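Trainee: I'm new to this one. Could you walk me through how the labels people use are arrived at?

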Amino acid sequence: MSTRPDQALDRQATPWLFACAIATALPHVTHQAAWLSAATLLLLGWAVRLWWKNERLPGRWLLILLVVAGCGGILIEFRTLFGRDAGVAMLVVFMAMKLLELKSRRDAMVVVVLGYFLLLTHYLYSQSIPTGIWLLFALWLLTATLVRLHGGASGTAGASLRYAARLCLQAVPFMLVLYVLFPRISGPLWGLPSDAHAGMTGLSDTMSPGSISRLAQSADIAFRARFAGQPPARHKLYWRGPVLESFDGTTWRPHIGQGAAAVLDKLSAPVRYELTLEPHNQRWILALDAPVHLPDGLFLNTALAANQRQPVTERQRFRLAASLDYRFNVVEDARTLQRNLGIPGAANPKARALALGWRQTGGGPQEIIRKAQDLFAAEFTYTLQPPLLGPDGIDEFLFATRRGFCEHYAGAFVFLMRAAGIPARVVTGYQGGEFNPLDEHLVVRQSDAHAWAEVWLDGQGWLRVDPTASVSPARIETGIVDALAFGEPLPALVQLRADWLRNLRYRWEAVNNAWNQHILGYDPQRQRELLSRLGLPETDWRSLATLLGIACSLLVAAMTAWTLHQRPRIDPALRLWQKALRQLARRQVHCAPWETPMALAQRVREQHPALGEPFQNVVDAYLRVRYGDANDNLTPLREAVARLRR
Amino acid sequence: MKIAAQVTPYLKQLLFRWKSDGTGPLRLGQRRIFIVPSRGGLLFALALAVMLLGAINYNLALGHALVFLLAGLGIVGMIHTFRNLFGLIVTPGRCEPVFAGETAFFPLSLDNDRTAPRLALELAADAALPVGAAIEGLGKTRVRVPLPAHRRGWLALPRVRLATRYPLGLFTAWSYLQPEMRCLVYPQPVAAPLPMAGTSHWGGELHGDGGQEDFAGFRDRQPADSPRHVAWKASARNAGEGPLLIKAFAGGAQSKLVFEWQHTAPELSDEIRLGMLTGWILAAEAAGSSYGLRLPHLSLPPGRGSRHCQQCLEALALFPS
């Protein structure tokens, strides 16, 4: 296929395309397999070298071979060509290969369109503000490349960039209108590939020593909450996640199976709040204990945890209410109680003996609980770096190492209770949170992940007992930073102690939250709310489409009018001269196109002797501005024209 | 059928402006400019559609924003592509005659009275021979639109397609120009030996024109005449009103050539015969000889200089076939 000379790509345009490829593909390096990034970089380097040395591009067969090799590599790496990550990898590799095939302007166009497409793929991984800004710059560069490609070599790089910036800015009103009015569909339209939601952090549905302390080392935000009134005291903020009832000696697991719904007695007025949950790819909602008035789509399970049917794969908002003082399941199913007394095999004999001793001493369950709390309060250390435990983990922990994180305390406490004959279970979730005074949101991070215990007492139902509170009251009262010794591997972001740094972080998180809530969180529901606030209640997609059509047409018309009717700037001297000619025309003297000012002055003197002198002055002044040295001084001409009017 | 046959030219006229635009300057208004997505634009639209599906499927808020921004960019690009032609002033120029088989160039002057430049304009009278143009803000440029001249005679400029894809290449905007321009195409010269000098004679009174011995009167000065031959006194009598006069002499031994239609072999086709005459005239002009032309329907007295040469060639070009 030969290329017409006017369609050929000029040499100076090629570096633009390299820049485009780098700007659009580079951020993928952070989450791509290293060999893919290296291969892409190699291809890019090759293309740059060929361009630099002005050598021939590789032939078709070599390119086909490269494509096959690339696809093969991806197939081996991902075991598929389709999924999310494999698709992105394919696009990146194709982008690099297309750079080896830059012959015509059409090839360049393909690179730019591919670049636009690659921009979208970044949002699969991050939709944060920095990503948005980086991609905005990349979009600008891509558009400038288009301008450069089609404007030919006559425009400078600066001119292309300026023009592209203008085009992008003019496109913004369209984006806003479309963003607000385009009928939103809550996806997915079809099944997502299995890796669509890979790499989300959060609680898991099992607990073993180390699982929560690992999570607590992440500063990622788990969810945010905004209370309708004053937020409750910190030590009351227990956000309930999975409740774990089965124990196999090392790992706690939830009980699988249906049970009767939880029976809840509210003992205080409900606290209303809005929860914005970051995606964690699980079904639980992490509502504040104890959830009341659940919205549609959520349900309470038998262990008082709020769940929904689909995993939370994207940021979701819930309007919830909680009763902070409550009693639940005062009458409990016998099988459930039996289940919550089970301890496996004969492991941990010392702990069993201790609990049995407590039970035989008498004093009832309250006394046993108090004894266990006293034990923890005496000589245990709260740390993120506990020593490894063997098969008799609980014995080792209770009698030898005595160092642990909340999952050790909760697990050991529940074990002791069960051994002492008190039904007990582990509850995981989050505790506390940090109040951001700027946007009045309570931010709960992964580092606030927590595990506590629940015991069932006759006549009182399930009671929360937090053994960590006995070990380290600061953990519950002020947070994990104060509870841990200096030098623990907490994320730096959480540890900020200096006021100004903390303030900076509050500010940044408030901006991020606003971005999440208002920009990213614009969903069908928000769209309905906004439209009804604008006086358009009850909109369906048809009326939205009509509205969108009207708004876009108006915008196109306005933009066209504004773009096309920028009047040319007339030279001011010429404008004054034309004004003088209009004065003449009013007196029936018309200047012919070929008439020079001098000839016209001559004719005016003959036809209108009275006008001869003033017009001669205008002509003199005009000629002086035009051809004389009075280049900038328009005053004499202006005055002469003004005198002509009289 | 009959109605369709009547309506079609009218529609074509309405849509594509087959009518002549005359010889004056012409400003491109919105009714003359057409715009459709280019192939690149279709690719872009396809990519946007797929991106929108992806953004909906994965529920990407910023993905929506990106797709909408790009859609807006497409619309803005369309407006700017349109603007690249809108208001452009096209003024036809004068074109130089060419010989058949050569390429005729029709000069058009493009005026931009806007402060923004208009880049990447493409003009084509013949789709295979596009010519590019770019005009600075408030600038002016001249383009020569090429058109192959196959046959002698008047070559009228057909519809010229003025197209652009600037700035984004997503849309092609074009306009048809039909300025009234024509180019004279001389016959293609055919190399042939000169006929024998003096085989033909011009009328007696002009015999020996161009010599330098006997004064034979005055004639108007031609640009090719040397200033030494100007009759200054005689010219002064006209008080500068008329052209300068040249003293003409008769007699002299210069060769006198008159090319005649009959000199060419009658068994050849008219076009070849005209080509031979053309070749002779060019050869005689190049040699600096004086030559005349006698065709069945008109005669040109012997003379010299580029203007005489042009007259002869024009006569040959417009020879009725």
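Mentor: Let's take the labels one by one.

Mentor: Two things up front: this is a predicted model, where local features need pLDDT of at least 70 and side-chain atom pairs count only at pLDDT 80 or more, while totals for chains, interfaces and linings use all residues. Residues are numbered from 1 along each chain as its sequence is written, and chains are lettered from A and ligands numbered from 1 in the order in which they are written.

Trainee: Why is Arg575(A) called exposed?

Mentor: A residue is exposed if 12 or fewer other C-beta atoms, placed from the backbone, lie within 10 Å of its own, buried if 20 or more do, and partly exposed in between. Arg575(A) has 12 C-beta neighbours inside 10 Å, so it counts as exposed. You'll find Arg575(A) in helix H21 of chain A, residues 572-586.

Trainee: And which residues of H6(B) are buried?

Mentor: They are His308(B), Cys312(B), Leu313(B), Leu316(B) and Ala317(B). Those residues pack against several elements of chain B, including helix H5 (270-287) and strand E9 (153-156).

Trainee: What makes H6(B) a helix, and what span is expected of it?

Mentor: Helices are DSSP runs of H or I with at least four residues, strands are runs of E with at least two, and both are numbered from the N terminus. H6(B) covers residues 305-317, which is 13 residues. The expected span is 1.5 Å times one less than the number of residues; for H6(B) that is 18 Å, and its first and last C-alpha atoms are 18 Å apart.

Trainee: How does the radius of gyration of chain A compare with that of a compact globule?

Mentor: The radius is taken over C-alpha atoms, and the globule rule is 2.2 Å times the number of residues to the power 0.38. For 646 residues the rule gives a value near 26 Å, but chain A has 37 Å. Its C-alpha atoms fill a box of roughly 135 × 65 × 50 Å along the principal axes.

Trainee: What does "in contact" stand for when chains A and B touch?

Mentor: Two residues are in contact if their C-beta atoms, placed from the backbone, lie within 7 Å. By that rule, 46 residues from chain B and 51 residues from chain A take part. On the chain B side, H3(B) gives the largest share, 18 residues.

Trainee: How many residues of domain 2 of chain A are in contact with domain 3?

Mentor: Domain 2 of chain A has 10 residues in contact with 10 residues of domain 3 of chain A.
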